[in-house]
Amino acid sequence: MAERQLFGRAHLAENILHFARVLRKAGLPVGPAKVIAALEAVEAVGVDKREDFRAALESVLIERHEQQVLFDQAFELFWRNPHLLERMLQLLLPKIYGRVPPAEAEAPLPSRLAEAMAPAPRAPSIEAQEQEVDLDATLTFSSREVLQTKDFETMTVAELAQVKLMIARLRLPLPELPTRRTRPAERGTTVDLRATLRAMASARGAVVPLAWRRRRSRRPPLVVLCDISGSMDRYARMLLFFLHAITNDRDRVHTLLFGTRLTNITRHLRQRDVDVATARVSAAVSDWAGGTRIGACLAEFNRRWSRRLLGQGAIVLLITDGLDSDVGDGLSLEMERLGKSCRRLIWLNPLLRYEHFEARPAGIRAMLPYVDEFLPVHNLESLTQLTAALTSTSARHATRGRVNAERFAA
Amino acid sequence: MPSSLLPDSVDAVVALLERYDYFADRRLATSVFLALKMRRPLFLEGEAGVGKTEIAKVLARALSRSLVRLQCYEGLDTASAVYEWNYPRQMIEIRLTEAEGKVDREALATNIFSERFLIRRPILQALQPDDGVAPVLLIDELDRTDEPFEAYLLEVLAEYQVTIPELGAIKAASPPIVIITSNRTREIHDAIKRRCLYHWVDFPNAERELAIVRRKVPGVDARLSREVVAFTQRLRAMDLFKSPGIAETLDWAEALVALDRMSLDPETVADTLGALLKYQDDIGAITPQIAAQLVAQARTEAQTAVEARV
């Protein structure tokens, strides 16, 4: 076989090392431990059969099904001619980097600088939080009041920057759900036998107070589906900052954007820096401010993502104005499925800012019956209201929400 | 553990699994071979019903090891997965010692937290097998647990040991063969995957599926089996919410055998589709016309395959 002539043992090791480096450059998480494992695997399987050799490298170097495509391409290219691939990567790289600078330049720096210079302590202790609130009140009280009721759509760039800052400080107190795990507690629900017995063993027959445990609670996963079509454009950008803030505030948040197609941007939002994160998102999403195909996008979500993301009692935030360009029977079917596969479905609609809003458009009427909660989301105040809605945890609230939604639909 | 008993090449693994009615494709066989050779856990991910759990069972039988199975669920904790102290016995022990009147606190504390009072759960059983032969440890549907349990597994998977605060670390004399499966209802943390060999178990191709159906469903007609496989393969190419796995194909073939069918026809398909598709939307998508079309295609395909062999 060709590979055999191409390299002896030392040569093979070097090539595998090279291959690992290429994969790393292409974005696969291949650390030194994996390279060693790969060498070991190849040694075990041998290089007589190309297929086995490939399967061996694959089982060591891949971690997710999605990485398969990248691996396949890299393998085909590399093990034909190692140098070809590297040259191609080099050709590709400048283009990839070329995208980032303009996006960064676009980001309004002053607000972030200001934030950096005002040393608001970020420690989560109660005292620190109080301090932070005080600082807010003295420095930005007046402008905050104005901004709180101002529509995102009618704001100047400077005001936008300020809102961005406020949103970044917004915390999302999702209701905690009881889990099956327990923790030691002063007054609990079950006896902690282990701790009690340990105490008994050293008590010399004296009476020992029981140690207790109680259920631990935990915030459920949150899945955000955000519309970025033309009519939602201005809000969507604002909401992106909001999404970035909550993604970095807690675990198990998944964010998908949709216009004409669905894009998962969770990984991009994990970037700590808000401007880098939004720049990455803009680069990853190709259908900003275009048309809307809510039905089709929800269908894609239900098919490709729902089973992977809605597993553990997730709450879904659906952010859209519900103005769909092609409303078919599909939309209400997909909404029904979405509503049934999550713990709670909360619809945030910026159109609710109009006092005499009526659920006229066909898209909105198709979606409303399956929503647990229907809230406005056009300014800061509404975001605060959202926070309150998320805090109400019980199922009773959910039904009330449904009734509320029905009232709108009528 | 005599490692000489383990298969020494990928071909040997393929042959061994086949002897125990498991038809693995070469890539899966390579992963299994490496897992045995490199003594690493094998992480299998894929759709439901493609034979992930089965491989652990077959491996246990083929290598004549016992199978220790840990079914995961939300809230799975160390008390039900690893070990638990036998509290009633401990309590009696304390009372007895007190009744004897000579209470040495230190000795009592170490005494009641000794191995005698330990109840072994699957993971500890796998690390300290009764018969001394390292078993096959199947950690099934890991995606159903929560992250804390995953984190706990890290020590088990990397070092083949567990740490019990009162006793210290318990390490396996010879590491068990670990198979982890996941249906991907959520993403498993990279730290777990990094310690394992990863394999995505795909749907089998027509040829392999045919072999599986013929081996697993005794009494299935040669022609019917071809048609069944051709039909299922075509279904998988369609845009369904949940494509049928091998388990479903086998169920369906068994149902058809029970109904004494020798060949597919649209009515039978409509009546028995529930064995193959488990979502109402999917069943609704297979209208009588589509069913008839699929049956016709499957029959011609089966026919040509038979003729090609003649």
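How many helices and strands does chain A have? In this predicted model, chain A has 19 helices and 9 strands.

**View 1. Chain A as a whole.** Chain A runs to 410 residues, and 31% of them count as buried. Take the contacts in chain A between residues at least 6 apart in sequence: 73% of these join residues at least 24 apart.

**View 2. The largest nonpolar core, centred on its best-connected members.** This core holds 101 residues. A:A38 and B:I179 touch the most other members. Leaving aside residues up to four places away in sequence, A:A38 touches A:I16, A:A20, A:L57, A:V60 and A:L61.

**View 3. A second nonpolar core.** This core is separate and has 52 residues. Among them are A:M232, A:L310, A:L318 and A:A366.

**View 4. Strand β5 of chain B.** β5(B) spans residues 136–140. Is the strand mostly covered or mostly uncovered? It is mostly covered, with 4 of its 5 residues buried.

**View 5. β2 and β5 of chain B, side by side.** Strand β2(B) covers residues 67–71. It runs parallel to β5(B), and 5 bridges join the two. In one of the bridges, B:L70 of β2(B) is partnered with B:I139 of β5(B).

**View 6. β5 and β8 of chain B.** β8(B) is made up of residues 177–182. Its pairing with β5(B) is also parallel, over 4 bridges. Which residue of β8(B) is the bridge partner of B:I139? The partner is B:I180. B:I139 thus has a bridge partner in β2(B), B:L70, and another in β8(B), B:I180. In a regular strand, side chains alternate between the two faces of the sheet.

Methods
Residues are numbered from 1 along each chain as its sequence is written. Chains are lettered from A and ligands numbered from 1 in the order in which they are written. This is a predicted model: local features need pLDDT of at least 70, side-chain atom pairs count only at pLDDT 80 or more; totals for chains, interfaces and linings use all residues. A nonpolar core is a set of buried Ala, Val, Leu, Ile, Met, Phe, Trp, Tyr and Cys residues joined through C-beta atoms within 7 Å. A residue is buried if 20 or more other C-beta atoms lie within 10 Å of its own, exposed if 12 or fewer, and partly exposed in between; C-beta atoms are placed from the backbone. Two residues are in contact if their C-beta atoms, placed from the backbone, lie within 7 Å. Two strands pair if DSSP finds at least two bridges between them.
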